[in-house]
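Open your viewer, load the model and set the display to a ribbon. Shall we take a walk through it together, one selection at a time?

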Amino acid sequence: MTPKEVLSLIREKEVKAVDLRFVDFPGTWQHFTVPIDQIEESTFEDGLGFDGSSIRGWQAINESDMLVIPQAETAFLDPFLKDQTLAMICSIQDPLTRQDYTRDPRNVAKKAINYMKASGIADTAYFGPELEFFIFDSVRFDASPYASYYYLDSNEGIWNSGREENGNNLGYKIRYKEGYFPVPPADTLQDMRTEMMLKLKEAGVTVEAQHHEVATAGQGEIDMKFAPLVTMADNVMKYKYILKNVAHQHGKTVTFMPKPVFADNGSGMHVHSSLWKNGVNLYAGSGYAGLSEMGLYAIGGLIKHAPALCAFSNPTTNSYKRLVPGFEAPVNLAYSRRNRSAAIRIPMYSANPKAKRIEFRCPDPSSNPYFTFAVMLMAMLDGIKNKMKPGEPLDKDIYDLEPEELAKVPKTPGSLEEAVHNLERDHEFLLQGDVFTQDVIRTWIDYKRSKEIDPMRLRPHPYEFFLYYDV
């Protein structure tokens, strides 16, 4: 869609307001709204001003003026707002230099694509994330110097099997780890997920399927069709926005926290990816699992840099409640066809070369998709450029390996602190082509330590009272 076509759509659909959206440093959508008379064809070049110092991880107060530049191709009609509103995703520029802002995650993703094209390796990077989520009926939490708690509830949760429900508890509660594909009435959220799926389609997102996921208490997944990197990251932002708002309209709440429920599956974001050139899938070949040599080198890059990648792909302290050795989480940095216990899987659903891809199973949906896809692409390109061999595949059941053999398999970091430390040591590959600047890396590390790692490290945990109060 061009700027002229956007203006035509505004007239055709009798749009009353235009909502301008951009993603902040950690990965949450921000927005402000203007009347339609503020949007002209020149706006797509000149942009509109806002205070960048109030956005997490961005400008200092003495450099606060910034510009949002609407991206015409991202325009869609918001399906939730009372008055007809057209939403557009924006890029961020400095008003003095008119340069794209280096801390704008969408700009980083665009630079990663430009670097890939300039390398001559590929002209298109496709990404297909699978975001899992929970739909709860209520959530309460608080943290103060003298108290801390959270309380989740779901009518579907197995813990409510004995609850009085106005004298009419009908059972059909989903047992722990048995939520994969049950039909209604056990699956109480079928209609809501379908509504979410249809709203995504209205917003221009192609959807392949929706279903209940493994955990009790309303875990679900809606699969989007793969798309080029920046478009896919835009779609992830639409996905989170639409799911949260559909649930809100039904009096429920959606979370993309990786591990909200103890003793059941967490929510991952398995990311499928492939590189293409001149319409040819560069990962398809005659090697292991139908991969090309380039595809294997890409895996080598992911495995080598995974401990640093996790600082972006698993960016919360809660992420490492999911990435725990000994369970089903993909903590073992190995690759395999079909084997979902490996961090990297090569799906074998189809023999069609166009379907050949790599599935990186470590990431989770708390991550900023622009950063996560960009760091994955940079790791794969580094593996390809330096011909990094990934070692032998691990086609055995990882959890049946002898301890001596398992000890040889490298692991993901055990905490956000460890992941950030790995990023501090290993980020040279991200600086290639000025995709990630030293300032972006340093700001990310400092933000994670000061805003998340240290506050969690300094606070007593409620379970510590259970363990230690009577010492």
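This tour begins with the whole chain, then visits some helix pairs and a few single residues.

**Stop 1: the whole chain**

Before you select anything, keep in mind that this is a predicted model. With the full chain in view, look for its 12 helices and 18 strands. The radius of gyration is 23 Å, close to the 23 Å that the globule rule gives for 471 residues, so the chain is as compact as a globular protein of that length. Now turn the model around: along the principal axes, the C-alpha atoms fill a box of roughly 65 × 60 × 50 Å.

How much of the chain is buried? Buried residues make up 55% of the 471. You can also think about which parts of the chain touch each other. Of the contacts with a separation of 6 or more, 67% are between residues 24 or more positions apart.

**Stop 2: helix α5 and helix α8**

Select residues 229-249 for helix α5 and residues 369-385 for helix α8, and give each its own colour. Their axes come within 9 Å and cross at roughly 150°. An angle over 145 degrees counts as roughly antiparallel, and α5 and α8 are therefore roughly antiparallel to each other. The crossing of α5 past α8 is right-handed.

Next, show the side chains where the two helices meet. On the α5 side, pick Leu 229, Val 230, Met 232, Ala 233, Asp 234, Val 236 and Met 237. On the α8 side, pick Pro 369, Tyr 370, Phe 373, Ala 374 and Leu 377. By class, this contact of α5 with α8 has 11 nonpolar residues, no polar ones and one charged residue.

**Stop 3: Leu 377**

Stay in helix α8 and click on Leu 377, which lies there. Is Leu 377 buried or exposed? With a relative accessible area of 0%, Leu 377 is buried. Leaving out residues up to four places away in sequence, Leu 377 touches Ala 112, Ile 113, Met 116, Ala 125, Phe 127, Leu 229 and Leu 275. For a longer view, draw a distance line from the C-alpha atom of Leu 377 to that of Leu 48: the two are 329 residues apart along the chain and separated by 31 Å.

**Stop 4: helix α3 against α5**

Keep α5 on screen and add helix α3, residues 105-119. The axes of α3 and α5 are 9 Å apart, and the helices pack at an angle of about 155°. That makes α3 roughly antiparallel to α5. From α3, the contact uses Arg 106, Ala 109, Lys 110 and Ile 113, while α5 brings Leu 229, Val 230 and Asp 234. The residues of this contact of α3 with α5 include four nonpolar and three charged, with no polar ones.

**Stop 5: helix α4 against α5**

Now bring in helix α4, residues 190-202. How do the axes of α4 and α5 cross? They come within 9 Å and cross at roughly 135°, which makes α4 oblique to α5. This crossing is right-handed.

For the contact itself, select Met 192, Glu 195, Met 196, Lys 199 and Leu 200 in α4. Then add Lys 238, Tyr 239, Ile 242, Leu 243, Val 246, Ala 247 and Gln 249 in α5. The contact of α4 with α5 contains eight nonpolar residues, one polar residue and three charged residues.

**Stop 6: Pro 413 and Asn 422**

Leave the helix pairs and find the loop between α9 (403-406) and α10 (416-425), where Pro 413 sits. Pro 413 is buried, with a relative accessible area of 1%. Beyond residues up to four places away in sequence, Pro 413 touches Pro 307, Cys 310, Tyr 320, Glu 418, Ala 419 and Asn 422. Its C-alpha atom is 10.0 Å from that of Leu 309, a residue 104 places away along the chain.

Follow one of those contacts to Asn 422, in helix α10. Asn 422 counts as buried at 10% relative accessibility. With the same sequence neighbours left out, Asn 422 touches Pro 307, Ala 308 and Pro 413.

**Stop 7: His 305**

For the last selection, choose helix α6 (residues 293-313) and look for His 305. His 305 is buried, with a relative accessible area of 3%. Show its contacts outside the four nearest places in sequence: Ala 379, Asp 382, Met 388, Asp 426 and Phe 429.

Methods:
Residues numbered from 1 in each chain as written. Predicted model: local features only at pLDDT ≥ 70, side-chain atom pairs only at ≥ 80, totals over all residues. Heavy atoms only, no water. Axes fitted to C-alpha atoms, helices over the stretch in contact; angles between N-to-C directions. Helix = DSSP H or I, 4+ residues; strand = E, 2+ residues; numbered from the N terminus. Parallel < 35°, antiparallel > 145°, perpendicular 65-115°, else oblique. Left-handed = near helix turned anticlockwise from the far one by under 90°. Contact = heavy atoms within 4.5 Å. Nonpolar A, V, L, I, M, F, W, Y, C, P; charged D, E, K, R; others polar. Rg over C-alpha atoms; globule rule 2.2 N^0.38 Å. Buried < 20%, exposed > 50% of the residue type's maximum accessible area, 1.4 Å probe, protein only.
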